[in-house]
Amino acid sequence: MIELKNLSKIYRTDTVETTALNNLTLSIPKGSFVAIKGPSGCGKTTLLNILGLMDRPSTGEVLLEGIAAGNMNEKERNRMRRSKIGFLFQKFNLIASLTVFENVELPLLYHKVDSATRKSKVTALLKQLGLEGRMNHYPHQLSGGQQQRVGLARCVINDPELILADEPTGNLDSKHGEEVMELLSELHRDGRTIVMVTHNDSYASYASEIIKLSDGAIVT
């Protein structure tokens with residue numbers, strides 16, 4: 001699913017050079033669940049942004065399903081993001097002016113899915129996640145756990161093959177954090193590839209593999 005070859009990311013200013021990722025080589029098989037751990041500033045989110053085609057490495061190569069990301073133009077990268085990748089964020093990133101239904105529906109609008117299909121897919125998914133009674137609520141009317149379930153619904157509504165989760169339980173209490181991890185585990189069992197950044201050892205244990213970063217390099 002993912003192959004990284006000698007990947008580095010360096011940020012430069014007039015006076016400072018910071019190495020965020022340092023010569024990473026890594027393979028992530030299709031259908032795996034990988035947790036990335038490490039101290040703040042070790043490059044976890046930078047790596048996730050590069051995997052999600054939101055950023056480009058300074059050197060090295062990223063292959064997604066055998067396709068070299070470096071050879072894609074911006075239109076091709078956008079198409080790959082929309083069709084293959086789902087993003088789940090720590091801060092939910094829901095649009096405050098849209099209802100739960102409209103937040104989840106948004107990716108389908110970008111894909112020009114017809115109205116009847118959109119209604120059917122969104123309603124079925126929200127019911128599956130226990131949110132059928134919240135479809136017409138706005139984000140500020142929901143608990144943190146409910147908002148993250150809406151974020152997860154939006155993440156998977158296009159059936160992405162790869163889910164990138166950046167501290168998805170970081171703003172949740174333990175009960176709601178466990179709920180989100182169970183949902184991610186269910187998606188993994190359904191065949192999705194999941195790459196998750198986390199500081200939490202308990203949540204990392206849900207993964208089939210744990211990668212530890214330090215100073216932009218893989219240590220274990």
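In this predicted model, Ala 165 stands opposite Met 196 in strand 8. Ala 165 belongs to strand 7, residues 162-166, and this strand runs parallel to strand 8, to which five bridges join it. Strand 8 itself covers residues 193-197. Met 196 has a bridge partner in another strand too, namely Ala 35. That partner lies in strand 3, made up of residues 33-37, which is also parallel to strand 8 and is joined to it by four bridges.

Strand 8 is mostly covered, with five of its five residues buried. Its side chains can be sorted by direction: Thr 193, Val 195 and Val 197 point one way, while Ile 194 and Met 196 point the other way, and all of them are buried. Met 196 is therefore a buried residue, given the cut-off of under 20% relative accessible area, and its bridge partners include Ala 35 and Ala 165.

The view can now be widened to the protein chain. There are seven helices and 10 strands in the protein chain. Its radius of gyration is 18 Å, close to the 17 Å that the globule rule gives for 220 residues, so the chain is as compact as a globular protein of that length. Along the principal axes, the C-alpha atoms fill a box of roughly 50 × 40 × 35 Å. Of the 220 residues, 47% count as buried. Among contacts with a separation of 6 or more, 71% are between residues 24 or more positions apart.

The surface and the charges complete this overview. The protein chain exposes about 10800 Å², and carbon and sulfur atoms supply 49% of that area. There are 26 positive and 25 negative charges, and the mean positions of the two sets are 5 Å apart.

A separate description applies to the strands at the start of the chain. Four strands form an open sheet with antiparallel pairing, in the order 2-1-4-5. Its edge strands are strand 2, residues 17-28, and strand 5, residues 67-68, each of which pairs on one side only. Strand 1, residues 2-12, runs antiparallel to strand 2, and eight bridges join the two. One of the positions that can be followed in this pairing is Ile 2, whose bridge partner in strand 2 is Ile 28.

Ser 8 is also found in strand 1. Its relative accessibility is 10%; because buried means under 20%, Ser 8 counts as buried. Leaving aside neighbours within four places in sequence, Ser 8 is in contact with Leu 21, Asn 22 and Asn 23, and also with Pro 57, Ser 58 and Thr 59. Of these, Leu 21, Asn 22 and Asn 23 lie within the residue range of strand 2.

Lys 84 offers a case from a helix. This residue is found in helix 2, which spans residues 74-84. Lys 84 has a relative accessible area of 24% and is therefore partly exposed, a class that lies between under 20% and over 50%. Not counting residues up to four places away in sequence, Lys 84 touches Glu 65, Pro 160, Glu 161 and Leu 162. Leu 162 falls within strand 7, residues 162-166, so this contact, with heavy atoms within 4.5 Å, links helix 2 to the strand with which the description began. Lys 84 and Asn 71 are 13 residues apart in sequence, and the distance between their C-alpha atoms is 17 Å.

Conventions
Residues numbered from 1 in each chain as written. Predicted model: local features only at pLDDT ≥ 70, side-chain atom pairs only at ≥ 80, totals over all residues. Heavy atoms only, no water. Rg over C-alpha atoms; globule rule 2.2 N^0.38 Å. Buried < 20%, exposed > 50% of the residue type's maximum accessible area, 1.4 Å probe, protein only. Areas by Shrake-Rupley, 256 points an atom, 1.4 Å probe, with all protein chains shown as cover. Lys, Arg positive; Asp, Glu negative; His and termini not counted. Charge placed at Lys NZ, Arg CZ, Asp CG, Glu CD. Pairing = 2+ DSSP bridges.
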